[in-house]
Amino acid sequence: MTRLLERIRRPEYTGSNRCWPCTITNGALVAVAAAALAVARRRRLAAAVGVAGLASIGLRGYVVPYTPQFAPRLAAALSLDPHDADEPGSLSGVSDGDETDDEAVSGEAVLAALVEADVVVPDGEELRLEPAFGSAWRDEMRSLRDRDLEELAALADRHTAPDTEARVGSSFGRSYLVLQGEGGGIVTLRREIAVAELGAARALESRVDDPAIRRAAGRPLRSLLEACPLCDGSLEITQSTCCGEVTPIGSLPAEKLFCPDCNVRLFTFGRDE
């Protein structure tokens, strides 16, 4: 049975790679089919269709063939953003409509501060983590990974912008950290992102004085992760796209920093997150 499930599963279309417009579209189609059978008084068949359809969506990402070709257009027609539910948030991402202190921090200022503090080291055209900081960051992530989201929310209050409320939210059976600004702006962080960025903020406290820099540094530092925040497993860079993601003509699919053991995505290169 286990081997059969492994053959059916499509991790490139599920977990952190799940496309929510495809999931919603397929779920709606399965519900319509099951309802039609129920109205026709074929209730056992309706139940079987519903169970099989939902199982397929859960294990494979979608059940209806050619979903990637029509789901993005349908999502656009319904004013659904294909990436809203699945793109990683960041500690610095809450905006209340006006420019926040974190938004005023330029990428150049963040990079300069991290280089000056010996957090990152230029290596030709690339950047790498300074070994001592990398070790301190790993220690912080290991201290956070087993804490529940309520504890992470309490810790986030110290490392987020003033007037930002941290709490736990959930949808579609998934729980995540919610950051809400005083004006109503909301950002959601999956567990792996919360562990990585809170760990980075804590490791930066003894090296960088400016809290806005520490918050803004979380997302770029994620691109330099050497191991998964949740399991210490090796990370891979993949170009596989989610089932409903559209790649512009002439462009390659976005590269993703991915943990195959935890089936989580830590960073997407080549586009805004």
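Let me begin with a term: when I say helix, I mean a DSSP run of H or I with at least four residues, and the helices are numbered from the N terminus. With that in hand, I can place a residue for you: helix H5 is followed by Asp118, and the phi of Asp118 is positive, near 60 degrees. Please keep in mind throughout that what we are looking at is a predicted model.

I will stay with H5 for a moment, which spans residues 107–116 and has Val110, Ala113 and Leu114 among its residues as buried positions. Viewed down the helix axis, these buried residues fall within an arc of 95 degrees, and so they line one face of H5. That fits what one expects in general, since an α-helix has 3.6 residues a turn, so residues three or four places apart point the same way. On the other side of H5 we find Glu108 and Glu116, which are exposed.

What, then, covers the buried residues of H5? The cover includes strand E1, at 120–123, together with helix H8, at 191–204, and helix H9, at 211–222. For a view of this from the H9 side, take Ala217, which lies in that helix and, at 0% relative accessibility, counts as buried. If we set aside its neighbours within four places in sequence, Ala217 is in contact with Val110, Leu114 and Leu204, and two of those names, Val110 and Leu114, you have just heard as buried residues of H5. As for distances along the backbone, Ala217 and Ala109 are 108 residues apart in sequence, while their C-alpha atoms are 10.0 Å apart in space.

This brings me to the nonpolar core. The largest one has 47 residues, and those with the most contacts inside it are Trp137 and Leu221. Helix H8 gives the most to this core, with nine residues. Which residues does Trp137 touch, leaving aside its neighbours within four places in sequence? Trp137 is in contact with Leu129, Ala196, Gly199, Ala200, Ala203, Leu221, Arg222 and Leu225.

One of those contacts of Trp137 is a charged residue, Arg222, and the side chain of Arg222 meets that of Glu197 in a salt bridge, at 2.9 Å from N to O. This pair links distant parts of the chain, with Arg222 in helix H9 and Glu197 in helix H8, 25 residues apart. Are the two partners buried or exposed? Arg222 counts as buried at 0% relative accessibility, and Glu197 is likewise buried, with a relative accessible area of 0%.

The count of salt bridges comes to nine, and I would like to set two others beside that one. Asp232 forms a salt bridge with Arg145, where the closest N and O atoms are 3.0 Å apart. Asp232 lies in the loop between H9 and E6, and Arg145 in the loop between helix H6, residues 131–144, and helix H7, residues 149–159, so the pair ties together parts that are 87 residues apart in sequence. Here Asp232 counts as partly exposed, at 32% relative accessibility, whereas Arg145, at 17%, counts as buried, the cut-off for that word being under 20%. These two also belong to a network of salt bridges that links Asp139, Arg142, Arg145 and Asp232. The other example is Asp123 with Arg128, whose closest N and O atoms are 3.9 Å apart; Asp123 is partly exposed, with a relative accessible area of 45%, and Arg128 is partly exposed as well, at 38%.

Finally, the strands. Strand E4, residues 174–180, pairs with E5 in the antiparallel sense over four bridges, and within this pairing Leu179 has Val187 in E5 as its bridge partner. Five residues lie between the strands of this hairpin, in which Gly184 takes a positive phi near 105 degrees. Along E5, residues 186–189, the side chains alternate, with Val187 and Leu189 pointing to one face and buried, and Ile186 and Thr188 pointing to the other and not buried.

There is also an open sheet of three strands, in the order E6-E7-E8, with antiparallel pairing. Its edge strands are E6, at 236–238, and E8, at 264–269, each of which pairs on one side only, and the twist averages 30 degrees from one strand to the next. Five bridges join strand E7, residues 255–259, to E8, and the bridge partner of Leu257 in E8 is Phe267.

Notes
Residues numbered from 1 in each chain as written. Predicted model: local features only at pLDDT ≥ 70, side-chain atom pairs only at ≥ 80, totals over all residues. Heavy atoms only, no water. Buried < 20%, exposed > 50% of the residue type's maximum accessible area, 1.4 Å probe, protein only. Helix = DSSP H or I, 4+ residues; strand = E, 2+ residues; numbered from the N terminus. Arc of directions from axis to C-beta. Contact = heavy atoms within 4.5 Å. Pairing = 2+ DSSP bridges. Axes fitted to C-alpha atoms, helices over the stretch in contact; angles between N-to-C directions. Salt bridge = Lys/Arg side-chain N within 4 Å of Asp/Glu carboxyl O. Core = buried A, V, L, I, M, F, W, Y, C linked by side-chain atoms within 4.5 Å.
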